[in-house]
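User: Could you walk me through how the helices and strands of this one are arranged? I'd like the reasoning behind each label too.

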Amino acid sequence: MRVLCISAHPDDVEIGMGGTVASLTQKNIQVRILDLTNGEPTPMGSPEIRAAESARAAEILKAERRTLDMPNRYLEDTIENRKKLASEIRDFRPEYMFAPYFDDAHPDHIAASHLCDAARFYAKLTKSDIPGEPFFPRRIIYYFPVHIRLRVEPTFLLDISAHLETKKSAILCYQSQFVLSGKTHLIEHLMTENRYWGFQGGCDAAEPFFQKELPLIRWPEGIA
């Protein structure tokens, strides 16, 4: 099985679903993190710093990582970007795609979510100039790396009780974004949020996810 986790910026996947990535790779599921931008400029970062941080985080999560050249702060759902992302989907051929949730204060996250929807469709088109063979991922699932205080109503929760510390370690790789910028308290807030979702699900910690397509459960095998 292959799982493609798409982010607008390095650290989005770690924040929204780092525990899930760790749980998947522990089961020998092939996970690729695909950052649409390099996340720069930021006050304490640089392209080189962010590349090193994101590589360390991916190593901790035991996931592959690629970074595209779309512009941070000005990410758009364009035809060119749809084709670029569709080509990546065809190259990796994931059964499942994870995308940022579509309601957010950050315009890049909204654009990334729309791009994922469109690129998933474009990836299956025949008679196109998109590189690679047509392919259509089975499901697209949305995670929550949000910059807005939402009353989240997830479709399902995933138990990350055994992987919460791994998630925290991966986020801490982004020293430029959390430590040097004086925002380490945000990491503890994220851990508290995961414990809250764990309480809702009857475990120690969990991550929330949303699906537009109604998931089918085959008991007891899991989600189809």
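Analyst: Sure, and let's start with helix 5 (residues 164–172) and helix 7 (residues 184–201), which pack at about 155° with their axes 11 Å apart. Bear in mind that this is a predicted model, where local features need pLDDT of at least 70 and side-chain atom pairs 80 or more, while totals for chains, interfaces and linings use all residues. Residues are numbered from 1 along each chain as its sequence is written, and side-chain values use heavy atoms, leaving out hydrogens and water.

User: Why are helix 5 and helix 7 called roughly antiparallel?

Analyst: Angles run from 0 to 180 degrees between N-to-C directions, and over 145 counts as roughly antiparallel. The angle here is about 155°, so the pair is roughly antiparallel.

User: What makes the contact between them?

Analyst: Contact means heavy atoms within 4.5 Å. Helix 5 brings residues including Leu-164 and Ile-171, and helix 7 brings Met-191 and Arg-195, among others.

User: How are the strands ordered in the sheet, and how do they pair?

Analyst: The order is 3-2-1-4-5, five strands in an open sheet with parallel pairing. Strand 3 (64–67) and strand 5 (139–143) each have a single partner strand, so they stand at the edges.

User: How do you know that strand 1 and strand 2 pair?

Analyst: Pairing takes at least two DSSP bridges. Strand 1 (residues 2–7) and strand 2 (residues 30–35) have six bridges, in the parallel sense, so by that definition they pair. Val-3 stands opposite Val-31 in strand 2.

Notes. Helix = DSSP H or I, 4+ residues; strand = E, 2+ residues; numbered from the N terminus. Parallel < 35°, antiparallel > 145°, perpendicular 65-115°, else oblique.
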